[in-house]
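Load the model, pick a colour for each chain, and keep the selection box handy. Here is a short walk through it, stop by stop.

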Amino acid sequence: MSTDGSLSGKRFIVPIGPQHPALKEPGHFSFTVDGEVVTDASVRLGYAHRGIEKATESRNWTQSLYLLERICGICSHVHALAYCLGVEKLAGVEVPPRAQAIRVLVAELERIHSHFLWLGVAAHEAGFDTLFMYTWRDRETVMDILETLTGNRVNYSANVLGGVKFDVMPEIGDTIRRGLEFLEGRTHHYLEVVTTDQVFLQRTRGVGVMSLEQAETLGVVGPTARASGVIRDIRVEAPYAAYADYPVQPVLAEAGDLEARFIVRIKELFESYRIIRQILDTLPVGELQTRMPRRVKAGETVSRVEAPRGELFYFIKSNGTDNPERVKVRTPTLCNMASVLVTAVGHQLADMPMILAGIDPCFSCNDRTVVVADAGGAAYNWEQIRHYGIAFYQGK
Amino acid sequence: MELGKVWNDVFDRVKTWARVNSPWVLHFNSGSCNGCDIEILATLTPRYDVERFGVKLEGSPRHADVLICTGPVTLQARDRLLRVYEQMPEPKFVIAVGSCAISGGAFQGCYNVVGHVDEVIPVDIYVPGCPPRPEAIIDGVAKLLGKLQTPAAARPVEETVI
């Protein structure tokens, strides 16, 4: 703990991170506190910045797919999906409808796993470890489904450029239905817990409130925005893959507090169950892949998908060679991070882990910008920025 | 003098017994994609339940016996990793979880990646996989516990290799 210059002892800056017990990922937060109340907050990101965007330029289109999938282990499928959709659009390749439907199926299964994961972690931040353990026990059901379907629990690698890798056999369909039935029952229970448990409600109701206007000004995305009443869902606004055939009903809440974010995410699970069942019932027949050219013709495109945390944005530029010329990724956590700093003010320090967990932060998604302070107005190119970065850290 | 040696010997045995029965684990993400981290968390939860070995996840490096490290080490995270490692009391042990922690994995050659974990701190157990299954992580922990049975396994205090 350090003072901010005034020795009155009234205001302190409490540094948290990058290694901290609240989250499993590195991020540094400074909370200025007056007694117990937070008066100012700032964040420092970038501990998990690896330079993936630049690395795609030295790998070919297919190799980049596997690299981009490893931006984030929780939502690896949507990263690969956004990239594939973009590259296929650039190459002018039509993906078979069965492959598109399977992509949506895996994306929704991933949403279930991600929301269960978040529910557990958020409950853990509230000190409600019983709920954490129960949700993670139930989450193993969807992990089993994903493993049966794709062969891996995390980083399923379901996509290839031009389609998907595996088929959904009827017997797997039955396994998925049985798993969903169990999960649906549990989800009803969790919805009841987060809306009726008095102790838990004291940690969530009226905490971290973000109004509709604030949400729109801050540009938040995904369930965080929908909990404040903003209808922002790429699956509805600009249906991609097979979402046009399997329309989604966006789940909204008005309150904008932590309780609303719990309710929105849990109710989204029901929507995911419904879509998965619908896909299993009406899976189109046909091929799984189409042929993809090794070189993608020159051009640039934008690809947007709805990750479990919100809008995931890819900009892809091709110069007609084997490798992408530029891939730019903007992830939902970066859009939502500012809302933490705004809503934190006025709350007690003990609420900070909950408010932070409320946006479902994912730092490994997030850390993809290099901010060069005091550059003296000079513009850097890639090579100079690389040298600057290396010199900066070696000088330390 | 003789009594002191006996006392030390008994004390060492008690410490080893306590450490093997309840190793406290600290988790540090040095630039991982989260995949290994969620699997480590899954090992703590009811299906895999690594707590039956007495393993407890601990928030502070000063209370931890074992550092579980995931991900390639990024330039920003390197100093923090070293600091966390140095804050841990001796004897300390490191488990590197995942392909990235072992070799850099998919992130080899990225400009902000220093490399694998054992370029920065000494590693005792390597658990491969992208990400490793919870069973594999449990196997790694069990192997480390086996290694801890003998007091001599504790690495002598040494300068950290950077």
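Two strands count as paired if DSSP finds at least two bridges between them. With that in mind, select β1 and β3 (residues 66-70) of chain B: five bridges link this pair, in the parallel sense. Please remember throughout that you are looking at a predicted model.

**Stop 1: the sheet of chain B**

Stay with β1(B) and click on B:Leu26, whose bridge partner in β3(B) is B:Leu67. Now widen the selection to the whole sheet. In what order do its strands lie? The order is β2-β1-β3-β5-β7 (chain B), an open sheet of five strands with parallel pairing. Colour β2 (56-57) and β7 (125-127) of chain B next; they stand at the edges with a single partner strand each, so each has one side without a neighbour in the sheet.

**Stop 2: two cis peptide bonds**

From the sheet, move to the loop between α3 and β5 (93-97) of chain B, where you will find B:Pro91. The peptide bond that leads into B:Pro91 from B:Glu90 is cis, and its omega is near -10°. Then go to the loop between β7 and α5 (134-148) of chain B, which holds B:Pro131. Here B:Cys130 and B:Pro131 are joined by a cis peptide bond with omega about -15°.

**Stop 3: where the chains meet**

Show both chains together and select the residues in contact: chain B contributes 42 residues and chain A 48. The size of an interface is often given as the accessible area lost when the parts come together. How much area is buried between chain B and chain A? The value is about 3,700 Å², and carbon and sulfur atoms give 61% of it. On the chain B side, display B:Ile38, B:Gln76 and B:Tyr111 as sticks; together they supply 19% of the area that chain B buries against chain A, more than any other three residues.

Next, look for charges. The interface of chain B and chain A has four salt bridges. To see one of them, select A:Glu147 and B:Arg133, whose side chains meet at 2.5 Å, N to O. Between the two chains there are also 15 residue pairs in polar contact, counting pairs with both residues at pLDDT 80 or more. Which elements give two or more residues to the side of chain B that touches chain A? They are β1 (24-29), α2 (35-44) and α3 (75-87) of chain B. Colour that side by residue class and you will get 23 nonpolar, 12 polar and seven charged residues.

**Stop 4: a hairpin in chain A**

Hide chain B and select residues 299-307 and 310-318 of chain A, which are strands β7 and β8. These strands run antiparallel and are joined by nine bridges. They form a hairpin, with two residues between β7(A) and β8(A). For one rung of this ladder, pick A:Val302 and its bridge partner in β8(A), A:Phe315.

**Stop 5: rings and a loop in chain A**

Over all chains, the structure holds 10 aromatic pairs. Select A:Phe200 and A:Phe262: the ring centres are 5.1 Å apart and the planes are at 85°, so this pair is edge-to-face. A:Phe200 belongs to helix α7 (residues 198-204) of chain A and A:Phe262 to helix α11 (residues 258-281) of chain A, so the pair ties together parts 62 residues apart in sequence.

Finish in the loop between α13 (352-358) and α14 (363-366) of chain A, and select A:Asp360. Its phi is near 55°, a positive value in a residue other than glycine.

Technical notes:
Residues numbered from 1 in each chain as written. Chains lettered and ligands numbered in written order. Predicted model: local features only at pLDDT ≥ 70, side-chain atom pairs only at ≥ 80, totals over all residues. Heavy atoms only, no water. Contact = heavy atoms within 4.5 Å. Buried area = accessible area lost by both parts, 1.4 Å probe. Polar contact = N/O pair within 3.5 Å; in protein donor to acceptor, adjacent residues only side chain to side chain. Helix = DSSP H or I, 4+ residues; strand = E, 2+ residues; numbered from the N terminus. Nonpolar A, V, L, I, M, F, W, Y, C, P; charged D, E, K, R; others polar. Phe/Tyr/Trp six-rings, centres within 6.5 Å; stacked < 30°, edge-to-face > 60°.
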